[in-house]
Amino acid sequence: MMIRKRFAGLSVLLAIIILLSGCEGGLLSETIVIPSSEEEHSADPASKPFQVKTIYRLPVSDTKDAQLLGWEDSKSVLGLFQAPDSKMRLAQYLQRLSPPYEKFETLQGVDVDHWNFELSPNGKYITGIKKTNDGNVLKLISLSDGRETIMATIKPRHDLLLTELTWSDNSRYISYLVTDVTTDVATGPVSGQTDVGAATNPVVKMAVYDTTARQVKVYPLKGLRNTGIFSEVKMSDDGQSALIVVQNERTISISMGTINGSSFHIEYEHQAGGDQMAWLNKDQFVFLGTEGEIYEYDRRNMALSVMLERVLSFQLSQDRKYIAYSQKDNDTISIFAGKLQGNNVLYKESVYQGVFPSVMYWSPHNDSLLVNGRKIYSTSRQQTNPEPSVVSNNQPFIIKFQ
């Protein structure tokens with residue numbers, strides 16, 4: 001009995017010493033502890049590996065113009081679909097699929113070109129571009145009543161649209177890049193197909209439309225070292241920072257910058273392995289590296305960390321708590337799901353195999369994953385280091401988790 005009392009006293013004393021030493025000198029670093037056994041985290045329902053309950057295969061048309069836009073709400077998905085007996089033009093009608101995802105429901109027609117639809121993360125609006133004789137009209141369309149708002153008109157003789165329209169994660173900001181047209185660049189195709197490096201001192205500008213204020217603001221880019229083809233610009237939820245993807249013949253880079261007064265200043269640039277990037281919060285973002293790493297950059301301490309390796313593609317949930325990603329193991333491509341915690345991904349679990357995902361969308365409640373990809377098969381085993389071949393037909397489906 002005396003030994004037990006002494007042991008208890010020593011335990012309390014040790015705890016007090018640890019607490020006092022942790023308070024001395026302030027917070028110097030953050031330590032993330034990963035549980036080493038199932039028993040340590042099994043009490044939390046959200047801290048368990050993902051388990052697949054049901055897989056729904058969507059009856060999407062094989063037409064090249066078909067598009068999967070994302071989740072309208074926690075159960076229904078939207079896209080430019082075509083039922084087997086449908087003769088409607090895909091470019092003019094939105095359609096909805098609801099459980100059990102077998103029949104199409106036709107929604108209102110939309111007067112925009114089919115190649116640049118973007119559904120807001122909250123599923124309430126879509127953006128689109130309508131090419132007219134006066135230029136490219138940028139539209140914001142409400143899905144509840146079909147009301148159209150003209151955000152801007154890009155006139156070819158004055159400005160050239162460089163990127164598609166991209167939503168912020170909180171569905172408030174819509175961003176894109178434009179450039180002044182000089183004598184060397186009079187006209188050009190839309191969506192980032194013009195190399196601004198070929199122009200004579202072009203002025204690249206970031207345009208941001210605020211859906212709350214109902215106005216667009218334009219900021220010239222300052223400090224951008226890498227030039228080439230701009231493919232995307234994505235605002236943070238506070239509307240003060242943005243990520244920009246720049247591609248040239250040899251490399252792809254991710255740039256991060258902040259609005260400073262009347263211009264946008266680049267603060268950080270890093271070579272990337274693709275155009276995938278996402279904000280974790282206003283100070284941290286993640287992107288795909290050249291060797292398949294998922295990097296996390298923290299602007300507060302300028303630290304670059306590796307979250308995952310050997311990744312082909314990834315998608316964060318809307319609340320930034322979970323991640324879906326694809327990896328190749330020998331001849332098999334698998335889709336994994338896991339929970340984000342600090343710089344780590346916990347409770348990782350393979351949820352699907354055999355499809356290379358082109359897009360993935362988490363449902364609002366994180367209980368389903370919408371995937372559109374291409375089925376793969378292996379090349380001849382006689383080849384040295386054989387690479388998987390890809391079937392051209394899209395394979396859209398929904399993974400429902402338990």
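**View 1. Ser-313, a buried residue in strand β23 of the predicted model.** Ser-313 has a relative accessible area of 7%, and because buried means under 20%, Ser-313 counts as buried. The strand that holds Ser-313, β23, covers residues 311–316.

**View 2. The surroundings of Ser-313.** The side chain of Ser-313 forms a polar contact with the side chain of Ser-326, at 2.7 Å. Ser-326 is also listed among the residues in contact with Ser-313 once neighbours within four places in sequence are set aside. The others are Gln-276, Ala-324, Tyr-325, Pro-357 and Met-360.

**View 3. The largest nonpolar core.** This core has 18 residues. The members that touch the most other members are Leu-177, Met-206, Leu-221, Phe-230, Met-235, Ile-244 and Phe-264. At least two residues of the core come from each of the strands β12 (173–180), β13 (204–210), β14 (215–222), β15 (229–235), β16 (241–247) and β18 (263–272).

**View 4. The contacts of Met-235, a member of that core.** With residues up to four places away in sequence left out, Met-235 touches Ser-168, Tyr-173, Ser-175, Met-206 and Val-208. Met-235 also touches Gln-240, Ser-241, Ala-242, Ile-259 and Trp-279.

**View 5. The protein chain as a setting for the close-ups.** The secondary structure of the chain consists of one helix and 29 strands. Of its 402 residues, 46% count as buried. Among contacts with a separation of 6 or more, 45% join residues 24 or more positions apart. The accessible surface of the chain is about 21,500 Å², and carbon and sulfur atoms account for 48% of this surface.

Notes. Residues numbered from 1 in each chain as written. Predicted model: local features only at pLDDT ≥ 70, side-chain atom pairs only at ≥ 80, totals over all residues. Heavy atoms only, no water. Helix = DSSP H or I, 4+ residues; strand = E, 2+ residues; numbered from the N terminus. Buried < 20%, exposed > 50% of the residue type's maximum accessible area, 1.4 Å probe, protein only. Polar contact = N/O pair within 3.5 Å; in protein donor to acceptor, adjacent residues only side chain to side chain. Contact = heavy atoms within 4.5 Å. Areas by Shrake-Rupley, 256 points an atom, 1.4 Å probe, with all protein chains shown as cover. Core = buried A, V, L, I, M, F, W, Y, C linked by side-chain atoms within 4.5 Å.
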